[in-house]
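This report walks through one protein chain. It starts with a single residue and then turns to the fold, the helices and the loops.

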Amino acid sequence: MKDKLTYDNLQQAFSENAFFEGKTWRMSPSALVLSRDQIRQLNLIGHACLSFYRALETLYLKATGGRSVLRNSDQKVPWVSAYLERGKPEIIARYAGVKSVQGMLPPVIRPDLLMTEDGFILTELDSVPGGIGLTAFLNRVYREHQNILGTGNEMISGFANALSWAARKQGKPRESMVTAIGISAESSSYRPEMEYLAEQLMHLGWNCQVVSTDDIVLNGKKLSINVHGKAQELDVLYRFWELFDYLNIPFMTEAMKLGGELETVIIPPMKTIFEEKGSLALFHHPRLQTYWEEALSKADYACLQTLIPQTWIMDATPLPQNGLLIGPQIHGKLLHDWSGLKSLGRKERQFVIKISGFDENAWGARSVTVGDDVSVEAWESAVNQALEAKGSYYVLQPFHKSKRITHPVYKSDGSMEMMDGRVRLCPYYFVTGQDDCLLGGALATICPSDKKIIHGMTDATLVPVAYAE
């Protein structure tokens, strides 16, 4: 049995690497241990998420092109593109249809998973995830003490290989490519971990640095940065900003206008279809079930059926008098109008309302309302806000509670105690080929069990994942 990390070990490690400005969490002597079967499930989930993204793009392109989404039947779904383009400037909404970026997928995929009594449940699928550098660092800190998932530096090598695959059209060896990680002001708190990530890439021979998006300019058909007073053209730009922030990204709209003529590869591709929680509602939509069955392998479809929770788009469009919503059943009956949610008692409000995407409040827990955790007035306000939204729409999901675990954490005086907590698991998958998806590691956020929403907080602990011996 390997020895556990001491409080002094961790203090020393974190004193040398500050990953988030102004953020702290409780330290733990132990990674989160998962069973071999759970690790096997994580590998299946990665491939299923990659297949889902690919099928989602195909669905969108067929919807916008007026083509049938089925092989042997004429079923057109223009309403799909209407949802995925809602609330966005046309040039941004339609960028996913630009021929040169078709087929480009995010190089890093991170689902947010809850560990429930019935298995993993996905709450969000993130194509611009934070935590890559942090997880790589935690893997290194804990690997001498436990059998860490990704302990062989897979987080860094996986990210490097994903960049290489995504930028393959450059036709250059990675050592000669000029690469930058562009961070917006909105995402600036993640800069320390991205600088750590760039530093590790440079150890692998990459020419990579972290820059503010304010310091990136479009010169002709290439993006450039200023290095020691001299403009340097970029071959690859890793995008670490959300697309809703486009008004604060000076070059973004002009780069989109160039379409296939832009010579700098921007990854993840600037496609809003990969940044909408509403895509999860499309997976469960009754009118699209045959499409997903045809577009996905049996294994991927079965995995996603259990993984993706029921999700409904809160569309306030009036229905005919004999119409019923595609939504949850309340007291065994379907709703005619979303306002029927407002009359639910606290125990009946086991739902979550949140913005789908393309909004400054769409990330983290900013827009999340958990029904049975708020007053009736706050719940009614959340329903009204969702129904009155003019731009980005809201989605509704059942509230799934993570199972309770106990995990060791250190107190501020260095003594240890067992925390009663709940887990959010964030595995990182690196797309390294057309159908290749590498699980590089996973970050576990363990919050006190009385917290409804699991996210990074001072009361939580953030640890890597280990597999059982």
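In which strand is the place of Ile 225?

## A strand residue: Ile 225

The model is predicted. Ile 225 sits in strand E7, which covers residues 222-227. Its relative accessibility is 3%, so Ile 225 counts as buried; the cut-off for that class is under 20%.

Leaving aside residues up to four places away in sequence, Ile 225 touches eight others named here: Gln 209, Val 211, Asp 215, Ile 216, Lys 230, Ala 231, Gln 232 and Leu 234. Gly 340 is elsewhere. Its C-alpha lies 53 Å from that of Ile 225, and 115 residues separate the two in sequence.

## The chain as a whole

The protein chain holds 12 helices and 20 strands. Its C-alpha atoms fill a box of roughly 65 × 60 × 40 Å along the principal axes. The radius of gyration is 22 Å, which agrees with the value near 23 Å that a compact globule of 469 residues would have.

How much of the chain is buried? Of the 469 residues, 57% count as buried. The exposed surface comes to about 19900 Å², and carbon and sulfur atoms supply 48% of that area. Sequence-distant pairs figure strongly in the contacts: with a separation of 6 or more as the base, 72% of contacts join residues 24 or more positions apart.

## An enclosed helix: H5

Helix H5 spans residues 132-142. Of its 11 residues, 10 are buried, so H5 is largely enclosed by the rest of the structure.

Which residues of H5 are buried? From the start of the helix they are Ile 132, Gly 133, Leu 134, Thr 135, Ala 136, Phe 137, Leu 138 and Asn 139. Val 141 and Tyr 142 complete the list.

## Two crossing helices: H6 and H7

Two packed helices are described by the angle between their axes and the distance between the axes. Helix H6 covers residues 154-166, and helix H7 covers residues 191-203. Their axes come within 10 Å and cross at roughly 80°. That makes H6 roughly perpendicular to H7, because angles of 65 to 115 degrees fall in that class.

Which residues meet where H6 and H7 touch? H6 brings Ile 156, Phe 159, Ala 160 and Leu 163. H7 answers with Leu 197, Gln 200 and Leu 201. The residues of this contact divide into 6 nonpolar, 1 polar and no charged.

## Loops and backbone details

Gly 357 lies in the loop between strand E14 (351-355) and strand E15 (369-370). Is Gly 357 buried or exposed? At 2% relative accessibility, Gly 357 counts as buried. Gly 441 is 84 residues away from Gly 357 in sequence, and their C-alpha atoms are 26 Å apart.

Two further loops carry backbone features. The peptide bond from Ile 267 to Pro 268 is cis, with omega near -5°. Pro 268 belongs to the loop between strand E10 (265-267) and helix H9 (278-284). His 331 has a phi near 55°, a positive value in a residue other than glycine. The loop that holds His 331 runs between strand E12 (329-330) and strand E13 (333-334). His 331 has 63% relative accessibility and therefore counts as exposed.

Conventions. Residues are numbered from 1 along each chain as its sequence is written. This is a predicted model: local features need pLDDT of at least 70, side-chain atom pairs count only at pLDDT 80 or more; totals for chains, interfaces and linings use all residues. Side-chain values use heavy atoms; hydrogens and water are left out. Axes are lines fitted to C-alpha atoms, for helices over the stretch in contact, and angles run from 0 to 180 degrees between N-to-C directions. Helices (H or I, at least four residues) and strands (E, at least two) are DSSP runs, numbered from the N terminus. Angles under 35 degrees count as roughly parallel, over 145 as roughly antiparallel, 65 to 115 as roughly perpendicular and the rest as oblique. Contact means heavy atoms within 4.5 Å. Ala, Val, Leu, Ile, Met, Phe, Trp, Tyr, Cys and Pro count as nonpolar, Asp, Glu, Lys and Arg as charged, and the others, Gly among them, as polar. The radius of gyration is taken over C-alpha atoms; the globule rule is 2.2 Å times the number of residues to the power 0.38. Buried means under 20% relative accessible area, exposed over 50%, partly exposed in between (1.4 Å probe, protein chains only). Accessible areas come from the Shrake-Rupley method with a 1.4 Å probe; for residues, only the protein chains shown count as cover.
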